[in-house]
Amino acid sequence: SSGLLGKILIKKVNFKFIKFKYDITNKKKVYNWIKRNNFDFIIHLAAIVPTKKVENNFYYSKKVNYGGTKNLVDAIIKYKKKPKLFFFASTSHVYKPKSKYIKILEKEKTKPFSKYGKTKLLAEKYLKLKLSKKKINYCIGRIFSFTDKNQDHSFIVPSLFNKIKKSKSSKIYLKNLNHYRDFVSTIDICKAIEILCKKKKTGIYNIGNGNKISLIQIAKYFSKKYKKKIIVKNNTKRNSFLIASNRKILKTGWLPTTSFSRELKKFS
């Protein structure tokens, strides 16, 4: 409830929320919280997300992303709590990026390309195994890229924005932007979570716009806005694509409503 998505979800979705205000790695706190409360839905968003943070401290990130999930699942099973749905926020990083523009389906073979993706896939596998045995309904939302003006500066869009805006030089050198990603707004992610919970959808759902956005395109937008010249160097030889096939979630009635260009305009 203290993260970016959690705060927006609480504000925008008309549920009665019982917030977990402690450390997800604290087994005793997690167990006590589950024991004393009864839930219709459990929405698990707690995670270390920025890839650089995960890479810099993989041990702790794994403890949060996998170990925290394990604590939560084990507590549900121990106290025989059976919510109508357990929603787990996962990531597109569990997939391997494509070398050409192909939309990724939920049935795609998982092959994490980042350490962040590895921690999330470990958590996915654990909750699927344990909750299935107890016949507890679960839904995994694999969220593709997202941005928000209040997002941590370690994420790609705020990072580019700050580097370009705050640079005193008229020329800015950037590297490793030879990639296309699928950006979905935080509001639309929260709407997706709401629909999946209300309709008690189970299984795996991609949460993404299904549109490709070039990271170079984002850098050019900010460079034009602040009248800077960008020079992109040291790109990989091939483009990489990580774009959602969102056909499955569209069938639930969910529709993305906020364009990426609108989100970029909020940065100032």
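Start by selecting Lys 227, in the loop between H8 and S9. This is a predicted model, and in it Lys 227 has a phi near 55°, positive although the residue is not glycine. Colour by accessibility and you'll find Lys 227 exposed, at 76% relative accessible area.

For another case, jump to Lys 200, in the loop that runs between helix H7 (186–198) and strand S7 (203–207). Its phi is near 50°, again a positive value in a residue other than glycine. How exposed is Lys 200? Its relative accessibility is 42%, so Lys 200 counts as partly exposed.

Go back to the Lys 227 loop and step to either side of it, beginning with H8. Show H8 (residues 215–225) together with helix H6 (residues 156–166): they pack at an angle of about 35°, and their axes are 9 Å apart. The crossing is right-handed. To see what fills the contact, turn on side chains for Ile 156, Val 157, Leu 160, Phe 161 and Ile 164 on H6, then Leu 215, Ile 218, Ala 219, Phe 222 and Ser 223 on H8. What classes of residue make up this contact? Nine are nonpolar, one is polar and none is charged.

On the other side of the loop is S9. Select strand S9 (residues 229–233) with strand S5 (residues 171–175), and you have a parallel pair held over five bridges. Within that pair, Ile 172 sits opposite Ile 230 of S9. Now look at S5 by its faces: Ile 172 and Leu 174 are on the covered one, while Lys 171, Tyr 173 and Lys 175 are on the uncovered one. That fits a general pattern: in a regular strand, side chains alternate between the two faces of the sheet.

Next, pick out the open sheet of four strands, ordered S3-S10-S6-S8, with mixed pairing. S3 (103–104) and S8 (213–214) are the edge strands; each has a single partner, so one side of each has no neighbour in the sheet. Zoom in on S8 and strand S6 (residues 179–181), which pair antiparallel over two bridges. Arg 181 is the residue to click here, opposite Ile 213 in S8.

From S3, follow the chain into the loop that leads to H5, and stop at Leu 105. At 25% relative accessibility, Leu 105 counts as partly exposed. Draw a distance from its C-alpha to that of Ser 245: the two residues are 140 apart along the chain, yet these atoms are separated by 5.2 Å. Leaving aside neighbours within four places in sequence, Leu 105 is in contact with Tyr 95, Asn 206, Ser 245 and Arg 247.

Now for the inside. The largest nonpolar core has 23 residues, and those touching the most other members are Ile 34, Ile 42, Leu 72, Phe 86, Leu 127 and Leu 131. To see where the core comes from, select H2 (27–36), H4 (58–78), S2 (85–91), H5 (115–133) and S4 (138–143), each of which supplies at least two residues. Which element gives the most to this core? It's H4, with five residues.

Centre the view on Leu 127. Beyond its neighbours within four places in sequence, Leu 127 is in contact with Thr 69, Val 73, Phe 86, Phe 88, Ser 132, Tyr 138 and Ile 140. For a last stop, select Leu 9, Phe 87, Cys 190 and Cys 197, which are among the 21 residues of a second, separate core.

Definitions and conventions. Residues numbered from 1 in each chain as written. Predicted model: local features only at pLDDT ≥ 70, side-chain atom pairs only at ≥ 80, totals over all residues. Heavy atoms only, no water. Core = buried A, V, L, I, M, F, W, Y, C linked by side-chain atoms within 4.5 Å. Buried < 20%, exposed > 50% of the residue type's maximum accessible area, 1.4 Å probe, protein only. Contact = heavy atoms within 4.5 Å. Pairing = 2+ DSSP bridges. Axes fitted to C-alpha atoms, helices over the stretch in contact; angles between N-to-C directions. Left-handed = near helix turned anticlockwise from the far one by under 90°. Nonpolar A, V, L, I, M, F, W, Y, C, P; charged D, E, K, R; others polar.
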